[in-house]
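Please look at the structure below with its helices in mind, and then at the place where its chains meet.

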Amino acid sequence: MLLAYLPFMVYPYDFFRTGVAALWVVIFLWTTVAFFWFTRRFFPGRSLKHAFFLWLVVWAQAVWTLTKLPPYWILSVFFLMPVSFLENTAKPGHVRIFSKKVLKYFFERALAGIGFAGFVVLLEFIREIGEKRLGIHAFEQPAGLLLVISAVAFLWKNQPYSGRTQSQSIEAELGAGPSKPPLMKRKQRPGKG
Amino acid sequence: MNIKRLVVATAKYLFLVLFLCLLAAILYAAQLLRR
């Protein structure tokens, strides 16, 4: 989502037009996901990825021609795409069209789109306040928002009173308690001879 | 069996051609609407 936001940092738009651009990106994301979900089995096996990129490039060009939205708006859509979108492991042919799985999948995509639009509007709001009300010059450039994002990320990683220190979180993520370090476990295994 | 496979493959390539036509139509329509 952060990568998808990067093009928005350099748009010379005001609050309203940024919101419209974010809305357009989200609607196009939903259209693309729906289109390729239902038509991917009709493409010859190898050409699906090429068709997907051609689709993105053509729409980037068409929208650029029509609305003067900068051509790199398509990067936001590309980075918002689900990772497993075009992999061979996902086989929609085995899923019924109106089954719960499909509903869940599209619900997740819808949530991702709404979340992205909200994220863009929130950061634009922060930029407006920082630039116009507080008069901070850094917010006229991407630097101000990068600073805000890094500060939020730093605070998120170091939450006080969360009941866990950072080392405990790392141990929990590795799946090994302090009494069973993975290296010691490996050493205890019998060797070949 | 072979005929079915052949028909499916042909239909897929036809679909690809249709898809490319759709993309060309999108670009053409954008150019027309711009004027």
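The paragraphs below go from one helix to a pair of helices and then to the interface.

This is a predicted model, in which local features need pLDDT of at least 70 and side-chain atom pairs count only at pLDDT 80 or more, while totals for chains, interfaces and linings use all residues. Residues are numbered from 1 along each chain as its sequence is written, and chains are lettered from A in the order in which they are written.

Helix α2 of chain A, residues 15-39, has 25 residues and reaches 36 Å from its first C-alpha to its last, close to the 36 Å expected at 1.5 Å a residue (1.5 Å times one less than the number of residues; helices are DSSP runs of H or I with at least four residues). Among the buried residues of α2(A) are T18(A), A21(A), A22(A), V25(A), F28(A) and L29(A), where buried means that 20 or more other C-beta atoms, placed from the backbone, lie within 10 Å of the residue's own. What covers the buried residues of α2(A) includes α1, α3, α4 and α5 of chain A.

The axes of α5(A) and α6(A) come within 10 Å and cross at roughly 120°, which makes α5(A) oblique to α6(A) (neither under 35 degrees, nor over 145, nor 65 to 115). On the side of α5(A), the contact is made by L123(A), I126(A), R127(A) and G130(A), and on that of α6(A) by G144(A), L145(A) and V148(A), with contact meaning C-beta atoms within 7 Å.

Between the chains, twelve residues of chain B are in contact with 13 residues of chain A.

Terms used:
Two residues are in contact if their C-beta atoms, placed from the backbone, lie within 7 Å. Helices (H or I, at least four residues) and strands (E, at least two) are DSSP runs, numbered from the N terminus. A residue is buried if 20 or more other C-beta atoms lie within 10 Å of its own, exposed if 12 or fewer, and partly exposed in between; C-beta atoms are placed from the backbone. Axes are lines fitted to C-alpha atoms, for helices over the stretch in contact, and angles run from 0 to 180 degrees between N-to-C directions.
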